[in-house]
Amino acid sequence: MNAAAELLKQKFPEEVVEVTEFRGDTTITVKPERIVDICRTLRDDPETSFKYLSVIAGMDYAPQSPRFGVVYALYSHKHHGRITLKTRLADDQAPSIDSVASVWSTANWHEREIYDMMGIRFNGHPDLRRILMPG
C-alpha cells in the first residue's frame with residue numbers, strides 16, 4: 001500500500017473512508033472534519049513530504065448524496081510521487097470545509113475559485129472573495 005495511505009490509516013484511522021489504487025495512482029478519501037491536520041501531516045512527514053499542492057477542485061456529484069466534494073492533487077518532489085486526496089461535504093444549503101491555505105499558500109487562489117464558481121465555503125480562508133464572477 002502507498003506510504004501516504006499507510007500514514008493516514010495509522011494517524012487518522014477514523015477519518016480514512018477509502019483507499020483506491022488504479023494504474024499506479026492512489027486516491028485516499030477522508031472525512032472533511034480534520035482536513036487541515038491530514039494535509040499538514042502529508043506535507044510534514046518525511047515519509048510522504050507532499051510539499052506541492054498542484055490543484056484543488058470542487059466537485060458536484062449530483063444527483064448523488066452528499067452532492068459536493070473537494071479534491072486535492074498533491075506531489076512530493078522528494079519521493080517523486082503523487083496522490084489524490086478526496087473528501088465529500090455534508091448535504092446542506094451552504095457546503096463548507098476548512099481552508100488549507102495555512103498548509104500550502106497556493107490553496108488561497110484555488111479555494112477562492114471554488115468558492116466563486118461552486119459556492120463551497122472555506123472556513124478560515126484569509127481572503128474569501130470572488131475573483132471570476134461579478135459580485
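The legends below describe close-up views of a predicted model.

**View 1. The five-stranded sheet and its edges.** In this predicted model, five strands build an open sheet whose order is β1-β2-β5-β4-β3, and the pairing within it is mixed. The edges are formed by β1 (16-22) and β3 (52-60), each of which pairs on one side only. From one strand to the next, the twist averages 20°. As a general point for reading this view, the strands of a sheet pair through backbone hydrogen bonds, and they may do so in either the parallel or the antiparallel sense.

**View 2. The hairpin of β1 and β2.** The edge strand β1 pairs with β2 in the antiparallel sense, and the pairing extends over six bridges. Within this ladder, V19 stands opposite I28 of β2. The two strands form a hairpin with two residues between them, and R23, which lies in the turn, has a positive phi of about 50°. Strand β2 is mostly covered, since five of its six residues are buried.

**View 3. The parallel pairing of β2 with β5.** Strand β2 is also joined to β5, here by five bridges, and these two strands run parallel. One pair to look for is T27, whose bridge partner in β5 is T84.

**View 4. The hairpin of β4 and β5.** Eight bridges join β4 to β5, and the two strands run antiparallel. Among the paired residues is Y75, which has R82 of β5 as its bridge partner. The strands form a hairpin with four residues between them, and H80 in the turn has a positive phi of about 55°.

**View 5. Strand β4 beside the edge strand β3.** Strand β3 is joined by eight bridges to β4 (residues 68-76), and the two run antiparallel. Two of the pairs can be followed along this ladder: the bridge partner of I56 in β4 is Y72, while that of A57 is V71. Eight of the nine residues of β4 are buried, so this strand is largely enclosed by the rest of the structure.

**View 6. Helix α2 against the sheet.** Helix α2 packs on the sheet, where it touches β2 (25-30), β4 and β5 (81-88), and its direction makes about 175° with that of β5. Seven of the ten residues of α2 are buried, so the helix is largely enclosed by the rest of the structure. The buried residues are I35, V36, I38, C39, T41, L42 and R43, and they pack against α1, β2, β4, β5 and β6 (96-98).

**View 7. The crossing of α1 and α2.** The axes of helix α1 (residues 3-11) and helix α2 (residues 35-44) come within 11 Å of each other and cross at roughly 135°. The two helices are therefore oblique to each other, and α1 passes α2 in a right-handed crossing. On the α1 side, the contact is made by A4, L7, L8 and K11, and on the α2 side by I38, T41 and L42. Sorted by class, this contact has five nonpolar residues, one polar residue and one charged residue. Of the α2 residues in the contact, I38, T41 and L42 also belong to the buried set of that helix.

**View 8. S49 in the loop after α2.** S49 is found in the loop between α2 and β3, and with a relative accessibility of 7% this residue counts as buried. When its neighbours within four places in sequence are left aside, S49 is in contact with L42, R43, Y75, S76, K78 and H79. Among these contacts, L42 and R43 are buried residues of α2, and Y75 is the residue whose bridge partner in β5 is R82.

**View 9. H110 of helix α3.** H110 has its place in helix α3 (residues 107-118). Its relative accessible area is 14%, and H110 is therefore buried, the cut-off for that class being under 20%. When its neighbours within four places in sequence are left aside, H110 is in contact with S54, V55 and I56. One of these contacts, I56, is the residue that has Y72 of β4 as its bridge partner.

Methods
Residues numbered from 1 in each chain as written. Predicted model: local features only at pLDDT ≥ 70, side-chain atom pairs only at ≥ 80, totals over all residues. Heavy atoms only, no water. Axes fitted to C-alpha atoms, helices over the stretch in contact; angles between N-to-C directions. Parallel < 35°, antiparallel > 145°, perpendicular 65-115°, else oblique. Left-handed = near helix turned anticlockwise from the far one by under 90°. Contact = heavy atoms within 4.5 Å. Nonpolar A, V, L, I, M, F, W, Y, C, P; charged D, E, K, R; others polar. Pairing = 2+ DSSP bridges. Buried < 20%, exposed > 50% of the residue type's maximum accessible area, 1.4 Å probe, protein only.
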